Amino acid sequence: MIRPPSRRSILLGATGALGAGMLGGCDRLGEMAWFKRTLATGEDANHFVQRLLLTERTLAPEYAEADISPFFKPNGTEDPPDKAYKALARRKFAGFQLEMGGLVEKPFRISLADLRKLPPRTQITRHDCVEGWSCIGKWTDVPLSELLQPAVLKPNARYVVFHCADTMDQGEAAGAEDADDAEAPAANPNPNMARKAAGTGSAKGAGDPPDGAPAKDAGTTEPVRFYESIDLVDAYHPQTILAYEMNGQTLPVAHGAPLRLRLERNLGYKQAKYVMRIEVVEGFADIGEGKGGYWEDQGYAWYGGI
């Protein structure tokens, strides 16, 4: 019997064909409007294929303890430079409270201690990075659905946005809110990943004033912090969790303490670290540069399904 192609083989085949066609002229293609539209169409196709071939509760593969990688590579920021975050880390995140808000009937804040009292989920899954490497880790966490249910989403809620302490461009005034840390952060914590914030000639960013508000003084900047978003299908998936433990130990700072998103049916860049606040929204046109995530604002696909 001839088996139909798997979803993964369809996506990998399409990606490979696209990559082969790009090798000769990436720079030229990247400037062409039709090619940008094609990439957007490819993202829509990826989203469509995943929703077509998987049910809303289809699980990503889970593994045995023996499969856990001896070294799980940290990626992106490994130690946020913000003074407020450093102060929390020194206190082992005592006093930290996760904020849930946006389009919810019952916004709330919850401490790590109270998060640990909620029904936990432990899963051993593979992290697939867009750079081409993979690692298997064990995560213990709170399913995101356990936080969304008591918040009671409003009828127009469509997406969940994760706001993080991971600063991608420091700006001039970042960290000033915490005077306990005498060591000033570097001017740019992620020189290979940052973009300019509002007031420096960039497109609309996280620090921009609302339309019609007075412009900032020329040359001033504000911190540009990492954010990411998912739709409600992924938000309520049983493997979508906020992890506070990794491999049986408290989640390390390098891997996103105090909380990191695990979104096991998506690539690693979607799995936000250092989650401080969750916002339920109808759309994200007014967040960051309106693409739904920090890396998406830089050109990555919003939907990172695998």
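Two strands are said to pair if DSSP finds at least two bridges between them, and helices (H or I, at least four residues) and strands (E, at least two) are themselves DSSP runs, numbered from the N terminus. In this sense β1 and β2 pair in the antiparallel direction over four bridges, and the two strands form a hairpin with five residues between them. The structure is a predicted model, in which local features need pLDDT of at least 70 and side-chain atom pairs count only at pLDDT 80 or more, while totals for chains, interfaces and linings use all residues. Residues are numbered from 1 along each chain as its sequence is written, and side-chain values use heavy atoms, with hydrogens and water left out.

As to confidence, pLDDT is the predictor's confidence in each residue, from 0 to 100; the mean for the protein is 77, and 64% of its residues reach 70 or more. Two stretches stay under 50 in pLDDT: residues 1-30, for which the model has 20 contacts (heavy atoms within 4.5 Å) beyond four places in sequence, and residues 173-218, for which the model has 86 such contacts. Where pLDDT is low, the predicted coordinates should not be read in detail.

The protein has eight helices and ten strands. Of its 306 residues, 45% count as buried, where buried means under 20% relative accessible area, exposed over 50%, and partly exposed in between (1.4 Å probe, protein chains only). Among contacts between residues at least 6 apart in sequence, 73% join residues at least 24 apart.

The hairpin belongs to an open sheet of five strands, with mixed pairing and the order β2-β1-β10-β5-β6. Because β2 (108-111) and β6 (224-231) stand at the edges with a single partner strand each, one side of each is left without a neighbour in the sheet. Neighbouring strands of this sheet are turned by 25 degrees against each other on average, direction ignored (the axes being lines fitted to C-alpha atoms). Strand β1 (residues 97-102) runs parallel to β10 (residues 275-281), and four bridges join them. M100 can serve as a landmark here, since M100 stands opposite F108 in β2 and opposite I278 in β10.

I278 also leads into the interior. The largest nonpolar core, a set of buried Ala, Val, Leu, Ile, Met, Phe, Trp, Tyr and Cys residues joined through side-chain atoms within 4.5 Å, has 52 residues, of which L98, L144, F162, L242, L259, V275 and I278 touch the most other members. Leaving aside neighbours within four places in sequence, L144 is in contact with V160, F162, I230, A235, T240, I241, L242 and I278. Apart from this core lies another, of eight residues, among them Y227, F284, I287 and Y303. In soluble globular proteins, nonpolar side chains tend to be buried together.

Within the sheet, H163 is found in strand β5 and is buried, with a relative accessible area of 15%. The side chains of H163 and E279 are joined by a polar contact of 2.7 Å, a polar contact being a pair of N or O atoms within 3.5 Å, of which, within protein, one must be able to donate a hydrogen and the other to accept it, and residues adjacent in sequence count only if both atoms are side-chain atoms. Beyond four places in sequence, the contacts of H163 include F226, Y227, V275 and I287.

Helix α4 (residues 83-90) has K83, Y85, A87 and L88 as its buried residues, and what covers them includes β5 (159-169) and β10. E65 lies in the loop between α3 (33-53) and α4. Although E65 and K138 are 73 residues apart in sequence, they are 7.9 Å apart in space, C-alpha to C-alpha, and their side chains make a polar contact of 2.8 Å.

Several backbone details remain. Most residues other than glycine have a negative phi, and most peptide bonds are trans. After α4 comes K92, whose phi is positive, near 55 degrees, while F93, in the loop between α4 and β1, has a positive phi near 65 degrees and is buried, with a relative accessible area of 11%. V152, in the loop between α6 (145-151) and β5, likewise has a positive phi, of about 60 degrees, but is partly exposed at 34% relative accessible area. Finally, a cis peptide bond with omega of about 10 degrees joins A257 and P258, and P258 is placed in the loop between β8 (249-250) and β9 (260-263).

Technical notes. Axes are lines fitted to C-alpha atoms, for helices over the stretch in contact, and angles run from 0 to 180 degrees between N-to-C directions.
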